2 protein chains.
Amino acid sequence: MGNDKTRKDTVLALSPVPLYTQIKGILRDRILDGSYQAHQQMPSESELMASFGVSRITVRQALGDLQKEGLIFKIHGKGTYVSKPKAFQNATELMGFGEAMAQMGYETFNRLISSKPVAPGAAIGERLGLAADAPVMELKRVRYLNRAPISLDVTYVEKALGERLAKEDLAHRDIFLILENDYGIALGRADLQIDAMLADRVLAKHLEVEEGAPVLRIERLTYTADGRPLDFEHLYYRGDAFQYRMRTERIHPQEK
Amino acid sequence: MGNDKTRKDTVLALSPVPLYTQIKGILRDRILDGSYQAHQQMPSESELMASFGVSRITVRQALGDLQKEGLIFKIHGKGTYVSKPKAFQNATELMGFGEAMAQMGYETFNRLISSKPVAPGAAIGERLGLAADAPVMELKRVRYLNRAPISLDVTYVEKALGERLAKEDLAHRDIFLILENDYGIALGRADLQIDAMLADRVLAKHLEVEEGAPVLRIERLTYTADGRPLDFEHLYYRGDAFQYRMRTERIHPQEK
DNA sequence: CCTCATATCTTGTTATGACGAGTAATGACA
DNA sequence: TGTCATTACTCGTCATAACAAGATATGAGG
(Lines give C-alpha, C1' and ligand atoms only; values in the text may rest on other atoms or scores of the structure.)
Protein backbone atom coordinates (compact mmCIF):
# COMPACT_ATOMS: atom_id res chain seq x y z
CA MET A 1 0.00 0.00 0.00
CA GLY A 2 1.13 3.55 0.59
CA ASN A 3 0.55 4.26 -3.04
CA ASP A 4 0.03 7.96 -3.12
CA LYS A 5 0.53 9.06 -6.64
CA THR A 6 -1.97 11.81 -6.05
CA ARG A 7 -0.09 13.21 -3.12
CA LYS A 8 1.13 16.73 -3.70
CA ASP A 9 4.08 18.17 -1.86
CA THR A 10 5.10 21.77 -1.54
CA VAL A 11 8.61 22.90 -2.19
CA LEU A 12 9.45 26.55 -2.35
CA ALA A 13 11.17 27.62 -5.53
CA LEU A 14 12.02 31.03 -4.14
CA SER A 15 13.61 29.67 -1.01
CA PRO A 16 17.30 30.32 -0.41
CA VAL A 17 17.88 26.59 -0.10
CA PRO A 18 17.98 24.65 -3.37
CA LEU A 19 15.00 22.58 -4.42
CA TYR A 20 16.94 19.33 -4.39
CA THR A 21 18.06 20.05 -0.83
CA GLN A 22 14.47 20.53 0.30
CA ILE A 23 13.38 17.35 -1.45
CA LYS A 24 16.31 15.47 0.02
CA GLY A 25 15.26 16.59 3.47
CA ILE A 26 11.64 15.56 2.98
CA LEU A 27 12.59 12.13 1.68
CA ARG A 28 15.12 11.62 4.44
CA ASP A 29 12.48 12.43 7.03
CA ARG A 30 10.08 9.95 5.48
CA ILE A 31 12.72 7.25 5.55
CA LEU A 32 13.75 7.96 9.12
CA ASP A 33 10.20 8.16 10.46
CA GLY A 34 9.22 4.98 8.68
CA SER A 35 6.88 6.37 6.03
CA TYR A 36 9.10 4.56 3.55
CA GLN A 37 9.83 1.11 4.94
CA ALA A 38 13.13 -0.69 4.69
CA HIS A 39 14.40 -2.61 1.70
CA GLN A 40 11.51 -1.93 -0.65
CA GLN A 41 9.31 0.93 -1.70
CA MET A 42 10.47 4.37 -2.78
CA PRO A 43 8.43 6.06 -5.50
CA SER A 44 10.00 6.08 -8.95
CA GLU A 45 11.74 9.15 -10.30
CA SER A 46 8.80 10.08 -12.48
CA GLU A 47 6.40 9.78 -9.56
CA LEU A 48 8.62 12.04 -7.49
CA MET A 49 8.78 14.51 -10.37
CA ALA A 50 5.01 14.68 -10.44
CA SER A 51 4.50 14.80 -6.69
CA PHE A 52 7.06 17.55 -6.12
CA GLY A 53 6.45 19.30 -9.40
CA VAL A 54 10.10 19.43 -10.36
CA SER A 55 12.22 18.10 -13.18
CA ARG A 56 13.95 14.78 -13.25
CA ILE A 57 17.42 16.26 -12.87
CA THR A 58 16.36 17.76 -9.54
CA VAL A 59 14.88 14.51 -8.30
CA ARG A 60 18.02 12.65 -9.32
CA GLN A 61 20.26 15.08 -7.50
CA ALA A 62 18.25 14.57 -4.32
CA LEU A 63 18.26 10.79 -4.69
CA GLY A 64 21.96 10.78 -5.54
CA ASP A 65 22.78 12.64 -2.36
CA LEU A 66 20.65 10.29 -0.27
CA GLN A 67 22.47 7.39 -1.87
CA LYS A 68 25.80 8.93 -0.88
CA GLU A 69 24.48 9.20 2.66
CA GLY A 70 23.68 5.50 2.52
CA LEU A 71 19.95 5.88 3.12
CA ILE A 72 18.89 4.43 -0.23
CA PHE A 73 20.31 2.37 -3.06
CA LYS A 74 19.33 2.01 -6.68
CA ILE A 75 19.05 -0.98 -8.98
CA HIS A 76 19.27 -0.21 -12.66
CA GLY A 77 16.02 -1.09 -14.36
CA LYS A 78 14.18 -1.90 -11.16
CA GLY A 79 13.95 1.03 -8.87
CA THR A 80 15.18 2.84 -5.81
CA TYR A 81 15.08 1.15 -2.42
CA VAL A 82 15.45 2.11 1.20
CA SER A 83 18.52 0.72 2.94
CA LYS A 84 17.91 -1.02 6.22
CA PRO A 85 20.91 -0.63 8.39
CA LYS A 86 20.25 2.54 10.29
CA ALA A 87 22.93 1.27 12.62
CA PHE A 88 25.62 3.81 12.09
CA GLN A 89 24.87 6.29 9.47
CA ASN A 90 27.46 8.77 8.37
CA ALA A 91 30.29 7.11 10.15
CA THR A 92 32.70 8.40 7.56
CA GLU A 93 31.91 11.94 8.55
CA LEU A 94 34.76 13.89 10.01
CA MET A 95 33.81 14.94 13.52
CA GLY A 96 35.43 16.07 16.65
CA PHE A 97 35.15 13.78 19.63
CA GLY A 98 32.74 15.97 21.58
CA GLU A 99 30.68 16.53 18.48
CA ALA A 100 30.34 12.81 17.86
CA MET A 101 29.47 12.03 21.46
CA ALA A 102 26.97 14.88 21.70
CA GLN A 103 25.18 13.45 18.70
CA MET A 104 24.79 10.23 20.62
CA GLY A 105 23.54 12.01 23.69
CA TYR A 106 26.69 11.84 25.80
CA GLU A 107 28.21 14.73 27.65
CA THR A 108 31.93 15.25 27.42
CA PHE A 109 34.49 17.31 29.24
CA ASN A 110 38.09 18.09 28.37
CA ARG A 111 41.02 18.89 30.62
CA LEU A 112 43.84 20.93 29.14
CA ILE A 113 47.12 19.37 30.25
CA SER A 114 49.50 21.72 28.56
CA SER A 115 49.82 24.17 25.70
CA LYS A 116 53.26 25.24 24.63
CA PRO A 117 55.24 26.12 21.55
CA VAL A 118 57.55 23.34 20.45
CA ALA A 119 60.15 22.90 17.77
CA PRO A 120 58.41 20.38 15.56
CA GLY A 121 60.13 17.26 14.49
CA ALA A 122 60.65 17.10 10.78
CA ALA A 123 57.68 14.77 10.42
CA ILE A 124 55.17 17.11 11.99
CA GLY A 125 56.37 20.25 10.27
CA GLU A 126 56.28 18.53 6.94
CA ARG A 127 52.79 17.18 7.50
CA LEU A 128 51.54 20.66 8.25
CA GLY A 129 53.27 22.04 5.19
CA LEU A 130 55.39 24.44 7.25
CA ALA A 131 59.00 25.46 6.95
CA ALA A 132 61.36 23.09 8.75
CA ASP A 133 62.11 25.60 11.50
CA ALA A 134 58.63 27.11 11.82
CA PRO A 135 57.37 26.88 15.40
CA VAL A 136 54.16 25.03 16.16
CA MET A 137 51.92 24.90 19.18
CA GLU A 138 51.29 21.64 20.97
CA LEU A 139 48.01 21.29 22.86
CA LYS A 140 47.53 18.30 25.16
CA ARG A 141 44.06 17.45 26.36
CA VAL A 142 42.47 14.53 28.17
CA ARG A 143 38.88 13.89 27.13
CA TYR A 144 36.34 12.57 29.57
CA LEU A 145 33.08 10.76 28.97
CA ASN A 146 30.89 10.27 32.04
CA ARG A 147 33.78 11.39 34.21
CA ALA A 148 36.01 8.59 32.94
CA PRO A 149 39.02 9.47 30.80
CA ILE A 150 38.64 8.16 27.28
CA SER A 151 41.50 9.62 25.31
CA LEU A 152 44.58 11.78 25.30
CA ASP A 153 44.67 14.20 22.37
CA VAL A 154 47.87 15.87 21.29
CA THR A 155 47.23 18.58 18.74
CA TYR A 156 49.80 20.40 16.62
CA VAL A 157 48.92 23.56 14.77
CA GLU A 158 50.79 26.55 13.38
CA LYS A 159 51.98 28.74 16.24
CA ALA A 160 49.78 31.82 15.78
CA LEU A 161 46.67 29.72 15.43
CA GLY A 162 47.63 27.59 18.40
CA GLU A 163 48.11 30.61 20.66
CA ARG A 164 44.69 31.84 19.71
CA LEU A 165 43.15 28.43 20.36
CA ALA A 166 44.82 28.16 23.75
CA LYS A 167 42.75 31.14 24.91
CA GLU A 168 39.48 29.49 24.01
CA ASP A 169 37.19 27.36 26.15
CA LEU A 170 38.85 24.10 25.25
CA ALA A 171 37.27 22.37 28.22
CA HIS A 172 33.84 22.31 26.67
CA ARG A 173 34.27 22.89 22.96
CA ASP A 174 35.79 20.93 20.13
CA ILE A 175 38.62 22.54 18.27
CA PHE A 176 36.82 21.71 15.03
CA LEU A 177 33.79 23.73 16.03
CA ILE A 178 35.90 26.68 17.20
CA LEU A 179 37.74 26.72 13.89
CA GLU A 180 34.55 26.61 11.87
CA ASN A 181 32.11 28.67 13.89
CA ASP A 182 34.36 31.27 15.52
CA TYR A 183 37.24 31.55 13.07
CA GLY A 184 35.30 30.90 9.89
CA ILE A 185 37.76 28.28 8.65
CA ALA A 186 36.01 25.66 6.53
CA LEU A 187 37.33 22.17 7.10
CA GLY A 188 37.66 19.61 4.35
CA ARG A 189 38.90 16.07 4.59
CA ALA A 190 41.15 14.34 7.06
CA ASP A 191 43.62 11.54 6.63
CA LEU A 192 43.75 8.96 9.40
CA GLN A 193 46.15 6.24 10.40
CA ILE A 194 45.13 3.78 13.06
CA ASP A 195 47.21 1.28 14.91
CA ALA A 196 47.42 -0.40 18.27
CA MET A 197 50.01 0.06 20.99
CA LEU A 198 50.53 -0.43 24.69
CA ALA A 199 50.10 2.29 27.26
CA ASP A 200 53.37 3.67 28.57
CA ARG A 201 53.69 5.21 32.00
CA VAL A 202 52.53 8.70 30.98
CA LEU A 203 49.63 7.45 28.95
CA ALA A 204 48.59 5.06 31.69
CA LYS A 205 48.46 7.89 34.19
CA HIS A 206 46.32 10.15 32.02
CA LEU A 207 43.95 7.43 30.87
CA GLU A 208 43.81 5.84 34.34
CA VAL A 209 44.67 2.38 33.08
CA GLU A 210 47.45 -0.06 33.84
CA GLU A 211 50.75 0.35 32.12
CA GLY A 212 50.68 -2.07 29.18
CA ALA A 213 46.95 -1.78 28.59
CA PRO A 214 45.85 -1.76 24.95
CA VAL A 215 45.60 1.66 23.35
CA LEU A 216 44.19 2.64 19.99
CA ARG A 217 46.38 5.28 18.41
CA ILE A 218 45.01 7.50 15.67
CA GLU A 219 47.05 9.96 13.71
CA ARG A 220 44.81 12.51 12.09
CA LEU A 221 45.83 15.23 9.66
CA THR A 222 42.93 17.57 8.95
CA TYR A 223 42.81 19.82 5.90
CA THR A 224 40.90 23.00 5.21
CA ALA A 225 38.23 22.94 2.52
CA ASP A 226 40.72 24.26 0.01
CA GLY A 227 43.23 21.57 0.78
CA ARG A 228 45.80 23.15 3.11
CA PRO A 229 46.89 20.99 6.05
CA LEU A 230 45.79 22.70 9.24
CA ASP A 231 45.73 20.44 12.24
CA PHE A 232 47.80 17.37 13.06
CA GLU A 233 46.73 15.21 15.98
CA HIS A 234 47.77 12.13 17.88
CA LEU A 235 44.78 10.58 19.59
CA TYR A 236 45.30 7.84 22.15
CA TYR A 237 42.10 6.00 22.99
CA ARG A 238 41.55 3.47 25.74
CA GLY A 239 41.14 0.17 23.94
CA ASP A 240 38.64 -1.07 26.50
CA ALA A 241 36.34 1.89 26.30
CA PHE A 242 36.24 3.07 22.77
CA GLN A 243 35.38 1.73 19.39
CA TYR A 244 36.01 3.59 16.22
CA ARG A 245 33.24 3.02 13.74
CA MET A 246 33.10 3.75 10.08
CA ARG A 247 31.65 2.70 6.81
CA THR A 248 33.41 2.12 3.53
CA GLU A 249 32.14 1.71 0.01
CA ARG A 250 33.09 -0.90 -2.52
CA ILE A 251 34.29 0.76 -5.69
CA HIS A 252 33.37 -1.44 -8.59
CA PRO A 253 35.96 -2.09 -11.24
CA GLN A 254 35.18 -0.04 -14.30
CA GLU A 255 37.91 1.52 -16.34
CA LYS A 256 40.75 1.57 -13.84
CA MET B 1 32.71 21.59 -33.67
CA GLY B 2 35.97 22.87 -35.12
CA ASN B 3 37.12 24.23 -31.85
CA ASP B 4 40.50 23.77 -30.23
CA LYS B 5 42.02 26.64 -28.40
CA THR B 6 44.67 24.57 -26.73
CA ARG B 7 43.96 20.91 -27.14
CA LYS B 8 41.44 18.59 -28.73
CA ASP B 9 40.63 15.27 -27.18
CA THR B 10 38.86 12.27 -28.56
CA VAL B 11 36.19 10.49 -26.64
CA LEU B 12 34.19 7.74 -28.25
CA ALA B 13 30.48 8.28 -28.17
CA LEU B 14 29.79 4.75 -29.33
CA SER B 15 31.96 3.15 -26.68
CA PRO B 16 30.37 0.83 -24.15
CA VAL B 17 31.74 2.98 -21.36
CA PRO B 18 29.96 6.27 -20.70
CA LEU B 19 31.45 9.50 -21.91
CA TYR B 20 31.83 10.94 -18.44
CA THR B 21 33.72 7.83 -17.36
CA GLN B 22 36.17 8.23 -20.22
CA ILE B 23 36.64 11.91 -19.46
CA LYS B 24 37.07 11.16 -15.78
CA GLY B 25 39.82 8.69 -16.64
CA ILE B 26 41.63 11.12 -18.92
CA LEU B 27 41.53 13.90 -16.34
CA ARG B 28 42.61 11.57 -13.56
CA ASP B 29 45.60 10.48 -15.62
CA ARG B 30 46.60 14.07 -16.28
CA ILE B 31 46.42 14.86 -12.59
CA LEU B 32 48.38 11.79 -11.56
CA ASP B 33 51.09 12.22 -14.19
CA GLY B 34 51.48 15.89 -13.36
CA SER B 35 50.00 17.44 -16.49
CA TYR B 36 47.75 19.33 -14.15
CA GLN B 37 49.84 20.56 -11.25
CA ALA B 38 48.75 20.63 -7.65
CA HIS B 39 46.61 23.30 -6.05
CA GLN B 40 45.97 25.41 -9.11
CA GLN B 41 45.09 24.92 -12.73
CA MET B 42 42.27 22.82 -14.09
CA PRO B 43 40.46 24.12 -17.19
CA SER B 44 37.04 25.60 -16.60
CA GLU B 45 33.93 23.62 -17.35
CA SER B 46 33.31 25.49 -20.60
CA GLU B 47 36.87 24.83 -21.73
CA LEU B 48 36.47 21.15 -21.02
CA MET B 49 33.17 21.14 -22.90
CA ALA B 50 34.92 22.56 -25.94
CA SER B 51 38.02 20.39 -25.73
CA PHE B 52 36.08 17.14 -25.32
CA GLY B 53 33.15 18.18 -27.47
CA VAL B 54 30.56 17.23 -24.88
CA SER B 55 27.87 19.05 -22.95
CA ARG B 56 28.30 20.68 -19.61
CA ILE B 57 26.30 18.07 -17.75
CA THR B 58 28.76 15.42 -18.86
CA VAL B 59 31.76 17.48 -17.82
CA ARG B 60 30.17 18.13 -14.45
CA GLN B 61 29.49 14.46 -13.85
CA ALA B 62 33.14 13.66 -14.52
CA LEU B 63 34.37 16.49 -12.28
CA GLY B 64 31.90 15.56 -9.56
CA ASP B 65 33.22 12.02 -9.46
CA LEU B 66 36.80 13.21 -9.33
CA GLN B 67 35.86 15.46 -6.46
CA LYS B 68 34.36 12.51 -4.61
CA GLU B 69 37.64 10.67 -5.16
CA GLY B 70 39.42 13.59 -3.58
CA LEU B 71 41.54 14.44 -6.61
CA ILE B 72 40.07 17.89 -7.14
CA PHE B 73 38.05 20.48 -5.29
CA LYS B 74 35.88 23.34 -6.47
CA ILE B 75 35.48 26.89 -5.27
CA HIS B 76 32.23 28.55 -6.25
CA GLY B 77 32.86 31.50 -8.51
CA LYS B 78 36.57 30.81 -8.86
CA GLY B 79 37.22 27.48 -10.42
CA THR B 80 38.24 23.87 -10.04
CA TYR B 81 41.57 23.00 -8.50
CA VAL B 82 43.82 19.98 -8.16
CA SER B 83 44.24 18.66 -4.63
CA LYS B 84 47.81 18.07 -3.55
CA PRO B 85 47.92 15.20 -1.14
CA LYS B 86 48.48 12.18 -3.33
CA ALA B 87 49.51 10.42 -0.16
CA PHE B 88 46.74 7.93 0.22
CA GLN B 89 44.07 8.18 -2.29
CA ASN B 90 40.94 6.15 -2.04
CA ALA B 91 41.62 4.94 1.43
CA THR B 92 37.91 4.75 2.13
CA GLU B 93 37.56 2.15 -0.56
CA LEU B 94 36.47 -1.24 0.65
CA MET B 95 39.19 -3.72 -0.21
CA GLY B 96 40.34 -7.10 0.82
CA PHE B 97 43.73 -7.33 2.46
CA GLY B 98 45.47 -8.99 -0.47
CA GLU B 99 43.88 -6.56 -2.85
CA ALA B 100 45.08 -3.57 -0.87
CA MET B 101 48.60 -4.95 -0.52
CA ALA B 102 48.82 -5.93 -4.18
CA GLN B 103 47.99 -2.36 -5.11
CA MET B 104 50.99 -1.27 -3.10
CA GLY B 105 53.22 -3.83 -4.71
CA TYR B 106 53.37 -6.36 -1.90
CA GLU B 107 52.86 -10.07 -2.26
CA THR B 108 50.65 -11.82 0.23
CA PHE B 109 49.94 -15.38 1.18
CA ASN B 110 47.17 -16.85 3.33
CA ARG B 111 47.14 -19.99 5.42
CA LEU B 112 43.80 -21.60 6.07
CA ILE B 113 43.69 -22.62 9.72
CA SER B 114 40.23 -24.11 9.81
CA SER B 115 36.88 -24.08 8.11
CA LYS B 116 33.92 -25.52 9.93
CA PRO B 117 30.22 -25.00 10.44
CA VAL B 118 29.39 -23.44 13.77
CA ALA B 119 26.27 -22.56 15.66
CA PRO B 120 26.48 -18.81 15.57
CA GLY B 121 26.10 -16.79 18.67
CA ALA B 122 23.08 -14.58 18.59
CA ALA B 123 25.24 -11.58 17.74
CA ILE B 124 26.68 -13.07 14.59
CA GLY B 125 23.48 -14.56 13.26
CA GLU B 126 21.67 -11.31 13.77
CA ARG B 127 24.37 -9.33 12.04
CA LEU B 128 24.11 -11.58 9.02
CA GLY B 129 20.35 -11.31 9.03
CA LEU B 130 19.89 -15.05 9.48
CA ALA B 131 17.47 -17.02 11.58
CA ALA B 132 18.68 -17.56 15.12
CA ASP B 133 19.37 -21.24 14.54
CA ALA B 134 20.69 -21.01 10.98
CA PRO B 135 24.15 -22.56 10.70
CA VAL B 136 27.06 -20.48 9.50
CA MET B 137 30.53 -21.37 8.31
CA GLU B 138 33.57 -20.06 10.11
CA LEU B 139 36.76 -19.63 8.08
CA LYS B 140 39.99 -18.89 9.94
CA ARG B 141 42.98 -17.66 8.01
CA VAL B 142 46.35 -16.20 8.87
CA ARG B 143 47.58 -13.63 6.38
CA TYR B 144 51.26 -13.24 5.62
CA LEU B 145 53.14 -10.31 4.16
CA ASN B 146 56.76 -10.98 3.23
CA ARG B 147 56.54 -14.28 5.06
CA ALA B 148 55.65 -12.58 8.33
CA PRO B 149 52.18 -13.07 9.78
CA ILE B 150 50.19 -9.87 9.77
CA SER B 151 46.71 -10.78 10.76
CA LEU B 152 44.27 -13.47 11.76
CA ASP B 153 40.99 -13.28 9.88
CA VAL B 154 37.89 -15.03 11.15
CA THR B 155 35.12 -14.96 8.58
CA TYR B 156 31.49 -15.89 9.11
CA VAL B 157 29.18 -16.47 6.16
CA GLU B 158 25.96 -18.35 5.53
CA LYS B 159 26.66 -22.09 5.50
CA ALA B 160 26.09 -22.93 1.83
CA LEU B 161 28.22 -20.03 0.69
CA GLY B 162 30.90 -20.89 3.21
CA GLU B 163 31.17 -24.48 2.04
CA ARG B 164 31.58 -23.29 -1.49
CA LEU B 165 34.26 -20.80 -0.46
CA ALA B 166 36.15 -23.43 1.49
CA LYS B 167 36.84 -25.26 -1.75
CA GLU B 168 38.43 -22.24 -3.39
CA ASP B 169 42.07 -21.21 -3.48
CA LEU B 170 41.92 -19.18 -0.32
CA ALA B 171 45.68 -19.23 -0.01
CA HIS B 172 46.21 -16.80 -2.83
CA ARG B 173 42.92 -15.07 -3.42
CA ASP B 174 40.81 -12.62 -1.47
CA ILE B 175 37.32 -13.71 -0.57
CA PHE B 176 36.06 -10.39 -1.91
CA LEU B 177 37.48 -11.10 -5.34
CA ILE B 178 36.11 -14.63 -5.41
CA LEU B 179 32.67 -13.37 -4.51
CA GLU B 180 32.75 -10.70 -7.17
CA ASN B 181 34.61 -12.30 -10.03
CA ASP B 182 33.66 -15.97 -9.69
CA TYR B 183 30.27 -15.83 -8.03
CA GLY B 184 29.06 -12.61 -9.58
CA ILE B 185 28.00 -11.12 -6.25
CA ALA B 186 28.31 -7.34 -6.28
CA LEU B 187 29.56 -5.93 -3.00
CA GLY B 188 28.35 -2.66 -1.56
CA ARG B 189 29.39 -1.02 1.63
CA ALA B 190 30.89 -2.34 4.80
CA ASP B 191 30.54 -1.24 8.40
CA LEU B 192 33.67 -1.32 10.51
CA GLN B 193 34.40 -1.14 14.20
CA ILE B 194 37.96 -0.76 15.35
CA ASP B 195 39.40 -1.14 18.79
CA ALA B 196 42.57 -2.21 20.48
CA MET B 197 43.20 -5.30 22.60
CA LEU B 198 45.97 -7.51 23.88
CA ALA B 199 47.02 -10.73 22.24
CA ASP B 200 45.85 -13.82 24.07
CA ARG B 201 47.67 -17.14 23.86
CA VAL B 202 46.01 -18.32 20.64
CA LEU B 203 46.38 -15.01 18.90
CA ALA B 204 49.99 -14.71 20.00
CA LYS B 205 50.79 -18.09 18.51
CA HIS B 206 49.25 -17.34 15.16
CA LEU B 207 50.66 -13.84 14.85
CA GLU B 208 54.04 -14.88 16.26
CA VAL B 209 54.10 -12.19 18.88
CA GLU B 210 54.34 -12.18 22.66
CA GLU B 211 51.23 -12.75 24.66
CA GLY B 212 50.01 -9.31 25.70
CA ALA B 213 51.28 -7.58 22.57
CA PRO B 214 49.02 -4.86 21.14
CA VAL B 215 46.51 -6.01 18.58
CA LEU B 216 44.21 -3.97 16.37
CA ARG B 217 40.82 -5.65 16.17
CA ILE B 218 38.48 -4.82 13.33
CA GLU B 219 34.94 -6.06 13.07
CA ARG B 220 33.74 -5.80 9.50
CA LEU B 221 30.24 -6.50 8.23
CA THR B 222 30.14 -6.40 4.45
CA TYR B 223 26.92 -5.92 2.49
CA THR B 224 26.03 -6.81 -1.07
CA ALA B 225 25.29 -4.00 -3.48
CA ASP B 226 21.60 -4.36 -2.78
CA GLY B 227 22.07 -4.08 0.93
CA ARG B 228 21.94 -7.64 2.28
CA PRO B 229 24.57 -8.49 4.90
CA LEU B 230 26.84 -11.15 3.49
CA ASP B 231 30.10 -11.50 5.29
CA PHE B 232 31.01 -10.84 8.91
CA GLU B 233 34.65 -10.81 9.89
CA HIS B 234 36.88 -10.37 12.88
CA LEU B 235 40.31 -9.19 11.82
CA TYR B 236 43.14 -9.19 14.33
CA TYR B 237 46.13 -7.18 13.14
CA ARG B 238 49.54 -7.01 14.71
CA GLY B 239 49.76 -3.54 16.20
CA ASP B 240 53.45 -3.29 15.44
CA ALA B 241 53.19 -4.18 11.79
CA PHE B 242 50.04 -2.70 10.46
CA GLN B 243 48.45 0.67 10.11
CA TYR B 244 44.93 1.17 8.97
CA ARG B 245 44.61 4.27 6.84
CA MET B 246 41.57 6.11 5.76
CA ARG B 247 40.22 9.46 4.80
CA THR B 248 37.09 11.17 6.02
CA GLU B 249 35.19 14.17 4.76
CA ARG B 250 33.86 17.08 6.72
CA ILE B 251 30.16 17.46 6.11
CA HIS B 252 29.27 21.10 6.28
CA PRO B 253 26.18 22.13 8.16
CA GLN B 254 23.37 22.91 5.76
CA GLU B 255 19.87 21.88 6.52
CA LYS B 256 20.55 19.11 8.98
C1' DC C 1 3.66 -26.09 -20.77
C1' DC C 2 7.72 -23.79 -22.29
C1' DT C 3 10.18 -20.32 -25.14
C1' DC C 4 10.83 -16.08 -26.92
C1' DA C 5 9.68 -11.55 -28.77
C1' DT C 6 7.49 -7.44 -27.30
C1' DA C 7 5.67 -3.78 -24.52
C1' DT C 8 6.48 -1.18 -20.68
C1' DC C 9 8.17 -0.31 -16.55
C1' DT C 10 12.58 1.28 -14.23
C1' DT C 11 17.26 3.95 -13.78
C1' DG C 12 21.48 5.64 -16.68
C1' DT C 13 23.43 8.86 -19.89
C1' DT C 14 23.66 13.04 -22.64
C1' DA C 15 22.31 17.46 -25.05
C1' DT C 16 20.66 22.25 -24.94
C1' DG C 17 19.29 26.13 -22.67
C1' DA C 18 18.67 29.32 -18.97
C1' DC C 19 19.31 31.86 -14.82
C1' DG C 20 21.47 32.46 -10.04
C1' DA C 21 25.36 33.37 -7.25
C1' DG C 22 30.16 33.99 -5.87
C1' DT C 23 34.68 36.18 -7.35
C1' DA C 24 37.57 39.48 -9.28
C1' DA C 25 39.14 42.94 -12.39
C1' DT C 26 37.87 47.18 -14.51
C1' DG C 27 36.68 51.73 -14.80
C1' DA C 28 33.68 55.72 -13.52
C1' DC C 29 32.84 58.81 -10.10
C1' DA C 30 33.29 61.39 -5.83
C1' DT D 1 42.99 58.19 -3.88
C1' DG D 2 39.23 55.56 -2.46
C1' DT D 3 34.60 53.81 -3.19
C1' DC D 4 31.32 51.65 -5.93
C1' DA D 5 28.86 49.98 -10.02
C1' DT D 6 29.76 47.35 -14.06
C1' DT D 7 31.22 43.45 -16.30
C1' DA D 8 33.01 39.15 -17.20
C1' DC D 9 34.35 35.27 -15.67
C1' DT D 10 33.55 31.03 -12.57
C1' DC D 11 30.56 27.09 -10.56
C1' DG D 12 25.51 26.00 -8.80
C1' DT D 13 20.85 25.00 -9.83
C1' DC D 14 16.94 23.66 -12.71
C1' DA D 15 13.92 22.70 -16.92
C1' DT D 16 12.93 20.04 -21.11
C1' DA D 17 14.02 16.49 -24.12
C1' DA D 18 15.65 12.19 -25.94
C1' DC D 19 17.55 7.70 -26.18
C1' DA D 20 20.03 3.58 -23.97
C1' DA D 21 19.96 -0.25 -21.02
C1' DG D 22 18.37 -3.36 -17.41
C1' DA D 23 14.17 -5.72 -15.42
C1' DT D 24 9.74 -7.68 -15.82
C1' DA D 25 5.19 -8.82 -17.23
C1' DT D 26 2.51 -10.18 -21.18
C1' DG D 27 1.16 -12.63 -24.92
C1' DA D 28 2.04 -15.25 -29.24
C1' DG D 29 3.82 -19.25 -31.13
C1' DG D 30 6.04 -23.60 -30.67
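Reader: Over which residues of chain A does pLDDT stay under 50 while the model has 16 contacts beyond four places in sequence?

Author: First, the idea: pLDDT is the predictor's confidence in each residue, from 0 to 100. A contact means heavy atoms within 4.5 Å. Here, the stretch is residues 86–91 of chain A. Residues 1–6 of chain A also stay under 50, and for them the model has 1 contact beyond four places in sequence.

Reader: What ground rules apply?

Author: This is a predicted model, where local features need pLDDT of at least 70, side-chain atom pairs count only at pLDDT 80 or more, and totals for chains, interfaces and linings use all residues. Residues are numbered from 1 along each chain as its sequence is written, chains are lettered from A and ligands numbered from 1 in the order written, and side-chain values use heavy atoms, leaving out hydrogens and water.

Reader: What is the mean pLDDT of chain A, and which element has the lowest mean?

Author: Chain A has a mean of 80, with 78% of its residues at 70 or more. Elements are DSSP runs numbered from the N terminus: helices (H or I, at least four residues) and strands (E, at least two). Strand β9 (residues 244–249) of chain A has the lowest mean, 62. The highest belongs to α2(A), at 94.

Reader: Which residues come nearest to DNA strand C?

Author: A residue is near a strand if one of its heavy atoms lies within 4 Å of it. For DNA strand C there are 23 such residues, and the nearest are A:Arg56, B:Leu19, B:Tyr20, B:Ser55 and B:Thr58. Of the strand C atoms within 4 Å of the protein, 69% belong to sugar or phosphate, the rest to bases.

Reader: Which parts of DNA strand C do A:Arg56 and B:Thr58 approach?

Author: Think of polar contacts: pairs of N or O atoms within 3.5 Å; within protein, one must be able to donate a hydrogen and the other to accept it, and residues adjacent in sequence count only if both atoms are side-chain atoms. A polar side-chain atom of A:Arg56 lies 2.6 Å from a base nitrogen of DNA strand C. B:Thr58 puts a polar side-chain atom 2.4 Å from a phosphate oxygen of that strand. The largest share of the surface near strand C, 3 residues, comes from α3(B).

Reader: How do the residues near DNA strand C divide by class?

Author: Ala, Val, Leu, Ile, Met, Phe, Trp, Tyr, Cys and Pro count as nonpolar, Asp, Glu, Lys and Arg as charged, and the others, Gly among them, as polar. The surface near strand C has 6 nonpolar, 10 polar and 7 charged residues.

Reader: What does A:Leu19 approach on DNA strand D?

Author: A backbone N or O atom of A:Leu19 lies 2.2 Å from a phosphate oxygen of strand D. The side chain of A:Tyr20 has an N or O atom 2.7 Å from a phosphate oxygen there. α3(A) gives the most to the surface near strand D, with 3 residues.

Reader: How many aromatic pairs does the structure hold?

Author: Rings of Phe, Tyr and Trp (its six-membered ring) pair if their centres lie within 6.5 Å; planes under 30 degrees apart are stacked, over 60 edge-to-face, the rest tilted. There are 6 over all chains. A:Phe109 and A:Tyr144 form a tilted one, 5.9 Å centre to centre with 45° between the planes. A:Phe109 lies in strand β3 (residues 108–118) of chain A and A:Tyr144 in strand β4 (residues 136–145) of chain A, so the pair ties together parts 35 residues apart in sequence.

Reader: Is A:Tyr144 buried or exposed?

Author: Buried means under 20% relative accessible area, exposed over 50%, partly exposed in between (1.4 Å probe, protein chains only). A:Tyr144 is buried at 11%. A:Phe109 is partly exposed at 36%.
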